[in-house]
Amino acid sequence: MDQIEETLDKGIIEMEPRHKVQAILTRCGDGRINEATFKFMQEEAGMAEYDLGATPPGGAWVFSNDAPKEAKEVYFNDQSTYDGLHEPEEWVLTVHEDCGKLKGVYGFDPSTEDGKKKQEEVFDKVTSEAYRFIADKGYTPKVYRYNETRLNPKTQKMDFEIVDITEKVKRIVEVGEE
Ligand SMILES: [Zn+2]
């Protein structure tokens, strides 16, 4: 163990009593979903306490098979630091509609019917791969999806509703393993 690691370890151990949280959250950094995220996590998901792990473009995409392997491990290792600090058991993975990262990587336009279909395929693929990656690391994954609902006349931006798609994604993973 080198000196930096030793110091880090010590820092964690000395931070008693431990402050526990329920989950780590990985979401896209897109500013449009900030407000919806905080509101949903506290009021609907019942997670008053969670660690905001990281906000890589594409959110859950960073743990999918198409993310660079190195980036995947870097993000995971960085975010799982919270494990030593706050012992979360769940890991929340999210994707959102009209995500520039996903549109860029997979080349679809959700404003068309074909693009919408492609978006669904991409969501299924990305979330199931990220689910498997996080489950293999020993966490209980939860998967949420942000749906664009309506144009907010005040802000002239789309409002989002967040839907729990954990069971759906879990089934995709299970079918893939059969
Ligand atoms: Zn995005």
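Strands β4 and β5 make a hairpin with four residues between them, and Gln156 in its turn has a positive phi of about 60°. Strands here, like helices, are DSSP runs numbered from the N terminus (E, at least two residues, for strands; H or I, at least four residues, for helices). β4 (residues 140–152) and β5 (residues 157–164) are antiparallel partners, joined by seven bridges. One of the matched residues is Tyr146, whose bridge partner in β5 is Ile162. Two strands count as paired if DSSP finds at least two bridges between them.

Before going further, please keep in mind that this is a predicted model, in which local features need pLDDT of at least 70, side-chain atom pairs count only at pLDDT 80 or more, and totals for chains, interfaces and linings use all residues. Residue numbers start from 1 along each chain as its sequence is written.

The hairpin belongs to an open sheet of five strands in the order β2-β1-β3-β4-β5, with mixed pairing. At the edges are β2 (50–54) and β5, each pairing on one side only. On average, neighbouring strands are turned by 30° against each other, direction ignored. Here are three of the pairings:

| Strand pair | Sense | Bridges | Example partners |
|---|---|---|---|
| β1 (residues 23–26) and β3 | parallel | four bridges | Leu25 and Val92 |
| β3 (residues 90–96) and β4 | parallel | seven bridges | Glu90 and Thr140 |
| β4 and β5 | antiparallel | seven bridges | Tyr146 and Ile162 |

Now for the helices around the sheet. Helix α2 (residues 34–44) lies across β1, β2, β4 and β5, and runs at about 30° to β5. Helix α6 (residues 113–136) packs on the sheet too, touching β3 and β4, and its direction makes about 165° with that of β3. Such angles run from 0 to 180 degrees between N-to-C directions, with axes fitted to C-alpha atoms, for helices over the stretch in contact.

Is helix α7 well covered or hardly covered? It is hardly covered, as the count of buried residues among its twelve is one. Buried means that 20 or more other C-beta atoms, placed from the backbone, lie within 10 Å of the residue's own. The end C-alpha atoms of α7 (residues 166–177) are 17 Å apart, which agrees with the expected 16 Å because each residue is given 1.5 Å. That expected span is 1.5 Å times one less than the number of residues.

Stepping back, the chain has seven helices and five strands, following the pattern α-β-α-β-α-α-β-α-α-β-β-α. Of its 178 residues, 30% are buried. Among contacts with a separation of 6 or more, 73% join residues 24 or more positions apart; a contact means C-beta atoms, placed from the backbone, within 7 Å.

Note on methods
Two residues are in contact if their C-beta atoms, placed from the backbone, lie within 7 Å.
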